[in-house]
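Here are some notes for a colleague who is opening this structure for the first time. They are set out as numbered points, to be followed with the structure on screen.

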Amino acid sequence: MKRIAALIGRTAVSCWHHGSPHLPPPPAWAPGPPYTCPQIRHLTAKQNKGQFKGQKMNSKPVKLEKQQKQEVEIKQRMTVSELAKAMNKDIDHVYEALLNTDVDLDELEPDTVLEEKWIKEAVKRSGMKHKWAKLVETKVRENKDIQRQPPPDSTQLVPRAPVVTIMGHVDHGKTTLLDSLRKSQIAAQEAGGITQHIGAFRVQLPSGERITFLDTPGHAAFSAMRARGAMVTDIVILVVAADDGVMNQTIESIQHAKKAKVPIIIAVNKCDKPQADPQRVKEGLVCHDVVCEEFGGEIQAIHVSALKGDNLLELVEATVTLAEVLELKGDPTGLVEGTVIESRPDKGKGPVTTAIIQRGTLRKGCTLVAGKCWAKVRFMFDEFNQAVSEAGPSIPVEIVGWKDLPSAGEEILEVESEQRAREVVEWRSYMEEQDKLKEDQQAIEAKQKQHQEGYKKDRESMAHLSWRQRRAALYRANKHKLSHRVSEKTKIEELRLPIIIKGDVDGSVEAILNILENYDADDQCELDVVHFGVGDISERDVNLAETFSGTIYGFNVTANKSVQQMAAKKGIPLRLHRVIYKLIDELKDDLSSKLPPNTEENIIGEASVLAMFDVTLGKKKIPVAGCRVQKGQLDKNMKFRLIRGRNILWEGSVTTLKHLKDDVLTVKTGMECGLSLNNEELEYRPGDEIICYSNSEIKQKISWDPGF
């Protein structure tokens, strides 16, 4: 009350000094004004409109705007981590919000399900308000994909030519055999004499029959191509060299044919050679369940010489006979179905695919879908690069008009319009994205599970502590991690070789990537494929290689002069090859060059200490060891080691090496010498050994074995 009265008195005195008309003059005892009060003067002078003199003012209190609370969407059976995420807080905030409640915080884990009342309580204590999350109905997207047609009516089927795949081990004469059949020079045009693509050709025999041949690569790298060839074929001709016998790719070809359930004809080639032994070849095939007719089986075996043309007619007759037995027929009507055998970019034509038509008749203007690519057929060419107007069942054809380059092995289906083709491609891209999201989600869940297991394992040792004690202990344990910024953390430079792969066709790139999938030397040097594609090497590839400090490997492709100059200027290595195993060999060399060299020690000479004496140089006494060379020689320019018993006392170089009174560079076996090491504190003893040695660096080789 005294403080209030004093406040009123000061106000009255202040007003007197300001000459208020409603107050009497101040008495003589009143002190002078310690300060002015302009606020009081202002309020007494100003009147509101309509206010009479002497009427009290009605002051309205100022209303403060109520702060809007954050809304949190909650739902039944929320976990601690879900609630923290909904509140946009960390998990520890939820723990703190539930302090001094009936919830046992020591039992709470991030995946613990909270009761509804505790969810609401945590939100309320956080200064927020809750609202129930709305149930969202997931709309199922309509399937826009296209499927193969049902089997055709048997009345619509007409006889068709057989599709024959020639398979076998590398250099057993597959392409030469086909060359003899079609009177061409395919083998002479191939790099290194090795078929590195699937060649699709149509051959007309003297008898009038037509056969579609597929020549698959025999190299170990092209296993996927051989499998693809077997899946689209009717008959497999397995070529085995009579002078070589059953080899790895021969066995693999047999497995592909059996998996595709395709009949086999054995062509025992190179029977004209002196060391040929066809009987041994057929006996070797029995071990792989390929039993020829002369051994009681059903498989025909024809002895041929592809180079000289011996018995080729008999091989063709056996093929035609087997095709007649199979009664091969096709449906030339309806929508087109086929398979992509090979795909490649062409500078003049754009994306081009080689395909085998299996149903329907392909014509100019047809709309096709293969994988996530579609085409409006503009042109068609045969194996001689001649334009054709249509292609029916069993006919190989090059298709021009693709918007993108489909992968080899994709199924070709015809659709009724371009809009339908876009719908199919969009749906397949969507489904691929969904599958990728599922894989990512599974990887995330596995990572979270691994993290939770590690989290629980770390907490087991702190199970006896309270929540606050456990939190303090974890803070102390992880304090060192917070003391450094991310930019200040040291980075361990790992050995790594980034590479870019470019090939002429999709199958070649596929074969190289299949080889690289077997790379198992990441502990020595990490192999990183940053990009791969089909086509010649471009400036974009060089820029990409510069970004990743990588190397470009090209298979059956070229780089024009400007690209080569650009790569040379930026220091980007270009490795261009036409034979696949040479490309892999150079890749292995590049990987090996990344490895640090091993140090190898070479012992040059050994000597034993006979006596020790001091030599005075000026005012200094230098200890000198008198030695005799027992083996090799001592070279002053090399490194030395002092050994006593089994212990190495010192390593370094010598400052002085003398024979008698002469300074020498070398001392040979049996000679005596005196030497002083570059450590004056060493004490020599009789019996000590002095080793003279040198270190040489030996290049490491990568341990990766690609299998050929």
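**Notes on the predicted chain**

1. Of the 708 residues in the protein chain, 40% count as buried. Buried means under 20% relative accessible area, exposed means over 50%, and partly exposed lies in between, with a 1.4 Å probe and protein chains only. The model is predicted, so local features need pLDDT of at least 70 and side-chain atom pairs count only at pLDDT 80 or more, while totals for chains, interfaces and linings use all residues. Residues are numbered from 1 along each chain as its sequence is written, and side-chain values use heavy atoms, with hydrogens and water left out.

2. The protein chain has 17 helices and 31 strands. Both are DSSP runs numbered from the N terminus: helices are H or I with at least four residues, strands are E with at least two. Among contacts between residues at least 6 apart in sequence, 70% join residues at least 24 apart; a contact means heavy atoms within 4.5 Å.

3. The surface exposed by the protein chain is about 42,500 Å², and carbon and sulfur atoms supply 50% of it. Accessible areas come from the Shrake-Rupley method with a 1.4 Å probe, and for residues only the protein chains shown count as cover.

4. In what order do the strands of the barrel close? Six strands do so in the order S11-S12-S17-S15-S14-S18, with antiparallel pairing. From one strand to the next the twist averages 50 degrees. Two strands pair if DSSP finds at least two bridges between them. Strand S11 (residues 337–346) and strand S18 (residues 411–415) are joined by three bridges in the antiparallel sense. Here Thr339 stands opposite Glu411 in S18.

5. An open sheet is formed by four strands in the order S20-S19-S21-S22, and its pairing is parallel. Its edge strands, S20 (526–534) and S22 (574–577), each pair on one side only. The twist in this sheet averages 20 degrees from one strand to the next. Strands S19 (residues 496–503) and S21 (residues 551–555) run parallel and are joined by five bridges. Ile499 stands opposite Thr551 in S21.

6. Which strands of the open sheet does helix H15 touch? Helix H15 (residues 539–548) packs on the sheet against S19, S20 and S21, and its direction makes about 170 degrees with that of S19. Helix H17 (residues 580–594) also packs on the sheet, touching S19, S20, S21 and S22, and its direction makes about 170 degrees with that of S21. Axes are lines fitted to C-alpha atoms, for helices over the stretch in contact, and angles run from 0 to 180 degrees between N-to-C directions.

7. How many salt bridges are there? The count comes to 35, where a salt bridge is a side-chain nitrogen of Lys or Arg within 4 Å of a carboxyl oxygen of Asp or Glu. A network of salt bridges links Arg148, Asp331, Glu337, Arg359 and Glu411. Glu411, named in this network, is the residue that Thr339 faces in the barrel.

8. Lys120 and Glu116 form a salt bridge at 2.8 Å, N to O. They are four residues apart in helix H5 (residues 116–125), so about one helical turn separates them. Lys120 is partly exposed at 27% relative accessible area, and Glu116 is partly exposed at 31%.

9. Arg160 forms a salt bridge with Asp234, and their closest N and O atoms are 2.8 Å apart. This pair links distant parts of the chain, 74 residues apart: Arg160 is in the loop between strands S3 (158–159) and S4 (163–168), and Asp234 is in the loop between helix H8 (223–231) and strand S7 (235–241). Arg160 is partly exposed at 22% relative accessible area, whereas Asp234 is buried at 14%.

10. Between Glu672 and Arg628 there is a salt bridge with its closest N and O atoms 2.6 Å apart. Glu672 lies in strand S30 (residues 672–677) and Arg628 in strand S24 (residues 620–635), so the pair ties together parts 44 residues apart in sequence. Glu672 is partly exposed, with a relative accessible area of 41%, and Arg628 is partly exposed at 31%.

11. Phe613, Val615 and Leu617 make a nonpolar surface patch of about 260 Å². Patches consist of residues with over 30% relative accessible area and no salt bridge, with like charges joined within 9 Å and nonpolar side chains (Val, Leu, Ile, Met, Phe, Trp, Tyr) within 5 Å. Val615 is found in strand S23 (residues 598–617) and is partly exposed, at 32% relative accessible area.
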